[in-house]
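Opened a fresh page for this one. I want to go through the fold, the sheet, the last helix and the ring pairs.

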Amino acid sequence: MKKILLVLFIITSIAVLSACSSSQDNNNVNDNSVSEEENPIAGKVIASFNTKNLEGNDVTNDIFKNYKVTMINIWGTYCGPCINEMPDLQKLYEYSKDKDINLIGIVGDIGLGQDTEPALDVVQKTGVKYTNILPDKVIYDDVLVNYQYVPVTIFVDSNGKILKEFKIGSGTYEAYKNLIDDISEGY
């Protein structure tokens, strides 16, 4: 029964996140605007989670508490636009440290207990140093199932409350920098 549930979880994850390849129009958004769509989970607080980063270290909601805002980039190992924007996200991570804003990634297509080698390869090739975590059931249920595409970027406050601003598709350093500057002015 557990194997059947795991297979269903994997198939559902792949189906939900496969929009990267089928929705190319949304994946190369290079302006500084947030999505014109409404963030489907704005105002929701991400429930307590206990997961791992790619290095196998424990990660909980405490990852949010020391920053006024955390930018969360949801990506997939199969997604070209996701991978292509990662060097710009690393540059943004360095920039945002002085702004009391953190940046983390969620690997949308690899769950806890699965082989992390594909994600580790992407992180190494792109030079990413910011934390990338694997979704546990809470992150999957509270966040991932609400988006039918990757990359998508959301923002949370220090309590894990999801802000209304979010970005569908990839972006450039400048676009994300402008977005972060706008969001940080409100906090």
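**Fold.** I counted the elements to begin with: the protein has seven helices and seven strands. Worth remembering that I'm working from a predicted model. Reading from the N terminus, I get α-α-β-β-α-β-α-β-α-β-α-β-β-α.

**Overall numbers.** I checked burial next, and 50% of the 187 residues are buried. For contacts with a separation of 6 or more, 78% are between residues 24 or more positions apart. The accessible surface is about 9,000 Å², and carbon and sulfur atoms hold 50% of it.

**Sheet.** Which order do the strands of the open sheet take? I read it as β5-β4-β3-β6-β7, five strands with mixed pairing. β5 (132-133) and β7 sit at the edges, each pairing on one side only. I then looked at β3 against β6: the two run antiparallel and six bridges join them. One bridge I looked up puts Asn73 opposite Thr153 of β6. On top of this, α4 lies across β3 and β4, at about 165° to β3.

**Helix α7.** I did a quick length check on residues 173-185. With 13 residues at 1.5 Å each, α7 should span 18 Å, and its end C-alpha atoms are indeed 18 Å apart, so the two agree. Its buried residues include Tyr173, Tyr176, Leu179, Ile180 and Ile183; Lys177 and Asp181 are also on that list. What covers them? Among the covering elements I found β3 (69-75), α4 (80-96), β4 (101-107), β6 (152-157) and β7 (162-168).

**Ring pairs.** How many aromatic pairs does the structure hold? I got five. For Phe49 and Phe64, the centres are 6.0 Å apart and the planes at 70°; over 60 counts as edge-to-face, so that is what I noted. Phe49 is in the loop between α2 (19-22) and β1 (50-52) while Phe64 is in helix α3 (residues 62-65), so the pair ties together parts 15 residues apart in sequence. Phe49 counts as buried at 5% relative accessibility, and Phe64 does too at 2%.

Then I turned to Tyr147 and Phe166: their ring centres are 5.9 Å apart with planes at 40°, so I logged the pair as tilted. Tyr147 is in the loop between α6 (137-142) and β6, and Phe166 is in strand β7, 19 residues apart. Tyr147 is buried, with a relative accessible area of 1%, and Phe166 counts as buried at 1% as well. Last entry: ring pairs link Tyr147, Tyr149 and Phe166 into a cluster.

Key:
Residues are numbered from 1 along each chain as its sequence is written. This is a predicted model: local features need pLDDT of at least 70, side-chain atom pairs count only at pLDDT 80 or more; totals for chains, interfaces and linings use all residues. Side-chain values use heavy atoms; hydrogens and water are left out. Helices (H or I, at least four residues) and strands (E, at least two) are DSSP runs, numbered from the N terminus. Buried means under 20% relative accessible area, exposed over 50%, partly exposed in between (1.4 Å probe, protein chains only). Contact means heavy atoms within 4.5 Å. Accessible areas come from the Shrake-Rupley method with a 1.4 Å probe; for residues, only the protein chains shown count as cover. The expected span of a helix is 1.5 Å times one less than its number of residues. Two strands pair if DSSP finds at least two bridges between them. Axes are lines fitted to C-alpha atoms, for helices over the stretch in contact, and angles run from 0 to 180 degrees between N-to-C directions. Rings of Phe, Tyr and Trp (its six-membered ring) pair if their centres lie within 6.5 Å; planes under 30 degrees apart count as stacked, over 60 as edge-to-face and the rest as tilted.
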